[in-house]
Amino acid sequence: MNAFLEVWRPAGADLVQLDADRITVGRSAGNDIVLSDDSQVSRVHAILERFAGIWSVRDVSSRNGTFVNGSRVAGEARLGPGDELRIGRTRIVLRADRTADDPGLTEVPAPPPQLTPRERDVLIALFKPMIGADMFTEPASTRQIAQALWVSEAAVKQHLLRLYDKFGIGGEGERRRSRLANEALRRGAITLAEVRAAESKG
């Protein structure tokens, strides 16, 4: 699925392919999307990020705010095809090509399962390596999670088994951790903001 942005300027729409995993939007020339002709846009106004195949937008303490489908973004907001961003006077629409077998219906993800506080800690620790400078690396290993939480690897394995069960992640092998991370983010069990907050405390 090839995602792109429609950036609506006074002269018409520019199409911006989303080839990178991080896109900055603002008035200064150093941004990926430069809105120099919009006086309501801050120098660096917002950041779009792709994580586990899902796009989100984060307002960077802009003066006039960032809006998704008319609602002001408080921190970070998830984006889907057809969602409309308002940055200053500029309208930006996220588009994605449908696959051949997509009838155009919107699939609503199942709500996240109930998690214990320790299961949430395990999920946050699972994500931590994926938030650093080398984005989109593998999730944390069982050993890394154990070290981060000061518990045994056996305890982490038990928590992971329960999480696999709660999120319906079957099969075996190392890829299960990646699938768990993807599913937890997709269903809103954990947010990137929570992971960043935990990283800053750590």
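# Exercises on a predicted model

Leaving aside residues up to four places away in sequence, His159 touches Arg118, Glu119 and Val122, where contact means heavy atoms within 4.5 Å. The model is predicted, with local features needing pLDDT of at least 70 and side-chain atom pairs pLDDT 80 or more, while totals for chains, interfaces and linings use all residues. Residues are numbered from 1 along each chain as its sequence is written, and side-chain values use heavy atoms, without hydrogens and water.

## Exercise 1: His159 and the chain

Task: place His159, classify its burial, then set it against the chain totals.

Solution.
- Step 1. His159 lies in helix H3. Helices are DSSP runs of H or I with at least four residues, strands are runs of E with at least two, and both are numbered from the N terminus.
- Step 2. The relative accessible area of His159 is 14%, so the residue is buried. The classes are buried under 20%, exposed over 50% and partly exposed in between, with a 1.4 Å probe and protein chains only.
- Step 3. The chain holds 202 residues, 40% of them buried. Its elements are 5 helices and 11 strands.
- Step 4. Take the contacts in the chain between residues at least 6 apart in sequence: 48% of them join residues at least 24 apart.

## Exercise 2: two partners of H4

Task: describe how H1 and H3 each pack on H4, by angle, handedness and residue class.

Solution.
- Step 1. H1 (residues 117–127) and H4 (residues 175–186) have axes that come within 10 Å and cross at roughly 110°. Axes are lines fitted to C-alpha atoms over the stretch in contact, and angles run from 0 to 180 degrees between N-to-C directions.
- Step 2. H1 and H4 are therefore roughly perpendicular. Cut-offs: under 35 degrees is roughly parallel, over 145 roughly antiparallel, 65 to 115 roughly perpendicular, and the rest oblique.
- Step 3. H1 makes a left-handed crossing with H4: the near helix is turned anticlockwise from the far one by less than a right angle.
- Step 4. H1 contributes Leu123, Leu126 and Phe127 to the contact, and H4 contributes Arg177, Leu180, Ala181, Ala184 and Leu185. By class, that contact has 7 nonpolar residues, no polar and 1 charged. Nonpolar covers Ala, Val, Leu, Ile, Met, Phe, Trp, Tyr, Cys and Pro; charged covers Asp, Glu, Lys and Arg; the others, Gly among them, are polar.
- Step 5. Now turn to H3 (residues 153–167). Its axis and that of H4 come within 10 Å and cross at roughly 55°. H3 and H4 are therefore oblique, and their crossing is left-handed.
- Step 6. On the H3 side the contact uses Leu160, Leu161, Leu163, Tyr164 and Phe167; on the H4 side, Arg176, Arg177, Leu180, Glu183 and Ala184. The split is 7 nonpolar, no polar and 3 charged.

## Exercise 3: the sheet of 5 strands

Task: trace the strand order, find the edges and follow the pairings.

Solution.
- Step 1. The order is S4-S3-S5-S6-S9, in an open sheet with mixed pairing. Two strands pair if DSSP finds at least two bridges between them.
- Step 2. S4 (33–34) and S9 (76–79) each have a single partner strand, so one side of each lacks a neighbour in the sheet.
- Step 3. S3 (residues 22–26) and S5 (residues 46–51) run antiparallel, joined by 4 bridges. Ile23 stands opposite Leu48.
- Step 4. S6 (residues 54–59) also runs antiparallel to S9, over 4 bridges. Here Trp55 has Leu79 as bridge partner.
- Step 5. Check the faces of S9. Ala77 and Leu79 form the covered face; Glu76 and Arg78 form the uncovered one.
- Step 6. Inspect Val25 in S3. At 1% relative accessibility, Val25 is buried. Beyond residues up to four places away, its contacts include Ile33, Leu48, Ile87 and Ile92.

## Exercise 4: the sheet of 6 strands and two loops

Task: order the second sheet, then examine the backbone at Ser61 and Asn69.

Solution.
- Step 1. The open sheet runs S2-S1-S11-S10-S7-S8, with antiparallel pairing. S2 (12–17) and S8 (71–72) are its edge strands.
- Step 2. S7 (residues 66–68) pairs with S10 (residues 84–87) over 3 bridges. Phe67 faces Arg86 there.
- Step 3. Recall the background: most residues other than glycine have a negative phi.
- Step 4. Ser61 has a positive phi of about 50°. It sits in the loop between S6 and S7, and at 73% relative accessibility Ser61 is exposed.
- Step 5. Asn69 also has a positive phi of about 50°. Its loop joins S7 and S8. With a relative accessible area of 47%, Asn69 is partly exposed.
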